[in-house]
Amino acid sequence: EPGCSWIEVNNTVHAFVAEDRSHPQAEEIYAKLESLAELMKEAGYVPGMSSMLHNVKEEKGGPFCHHSEKL
């Protein structure tokens, strides 16, 4: 079962599951996430993969790119 993250904004709770596109603003959210990921990469950020359970590289659109906690 996938993990889920919640955030409350202006007294409204928003729930996110990795790769879930059912949120009414999903397109905007994922576009912003991609923009932020690119800025982080340009700034030299390298994701730590030591705690990942799978032997998977983080690539654009990869399984950890849209992890619910990043949303």
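This short talk walks through one predicted model, from the overall layout down to single residues.

Start with the layout. The protein chain has one helix and two strands. Going from the N terminus, the order is β-β-α. Strand 1 covers residues 4-9. Strand 2 covers 12-17. Helix 1 covers residues 26-42.

Some totals for the protein chain. There are 71 residues, and 17% of them are buried. The accessible surface is about 5,800 Å². Carbon and sulfur atoms account for 53% of that surface. Now contacts. Take those between residues at least 6 apart in sequence: 39% of them join residues at least 24 apart.

On to the helix. Does its length add up, and what should we expect? Helix 1 has 17 residues, and at 1.5 Å a residue the expected span is 24 Å. Its end C-alpha atoms are 24 Å apart, so the model agrees with the expectation.

Which residues of helix 1 are buried? Ala26, Tyr30 and Leu33. Those three cover an arc of only 55 degrees around the axis, so they sit on the same side of helix 1. What does that buried set pack against? The partner is strand 2.

Now turn the helix over. The face pointing away from the buried side of helix 1 carries exposed residues: Glu27, Glu28, Lys32 and Glu42. Just past the end of helix 1 comes Gly44, with a positive phi of about 100 degrees.

Back to Tyr30, one of the buried residues of helix 1. What lies over the face of its ring? Arg21 does, at 3.6 Å from the ring centre of Tyr30. That is a charge over a ring. For ring against ring, the count of aromatic pairs in the structure is zero.

Next, the loops. Take the one between strand 1 and strand 2. Asn10 is in that loop, and so is Asn11. Look at the backbone of each. Asn10 has phi near 50 degrees, which is positive although the residue is not glycine. Asn11 has phi near 65 degrees, again positive in a residue other than glycine.

Are these two buried or exposed? The cut-off for exposed is over 50% relative accessible area. Asn10 comes in at 71%, so Asn10 counts as exposed. Asn11 has 72%, so Asn11 is exposed as well.

Last stop: the loop between strand 2 and helix 1. Glu19 is found there. Its relative accessibility is 39%, so Glu19 counts as partly exposed. Glu19 can also be placed against the start of the chain. Glu19 and Pro2 are 17 residues apart along the chain, and their C-alpha atoms are separated by 9.9 Å.

To recap. The elements run β-β-α. The buried residues of helix 1 pack against strand 2. Arg21 lies over the face of Tyr30. And the loop between the strands holds Asn10 and Asn11, with positive phi at Asn10 and at Asn11.

Technical notes:
Residues numbered from 1 in each chain as written. Predicted model: local features only at pLDDT ≥ 70, side-chain atom pairs only at ≥ 80, totals over all residues. Heavy atoms only, no water. Helix = DSSP H or I, 4+ residues; strand = E, 2+ residues; numbered from the N terminus. Expected span 1.5 Å × (residues − 1). Buried < 20%, exposed > 50% of the residue type's maximum accessible area, 1.4 Å probe, protein only. Arc of directions from axis to C-beta. Contact = heavy atoms within 4.5 Å. Areas by Shrake-Rupley, 256 points an atom, 1.4 Å probe, with all protein chains shown as cover. Phe/Tyr/Trp six-rings, centres within 6.5 Å; stacked < 30°, edge-to-face > 60°. Lys NZ or Arg CZ within 6 Å of the ring centre and 35° of its normal.
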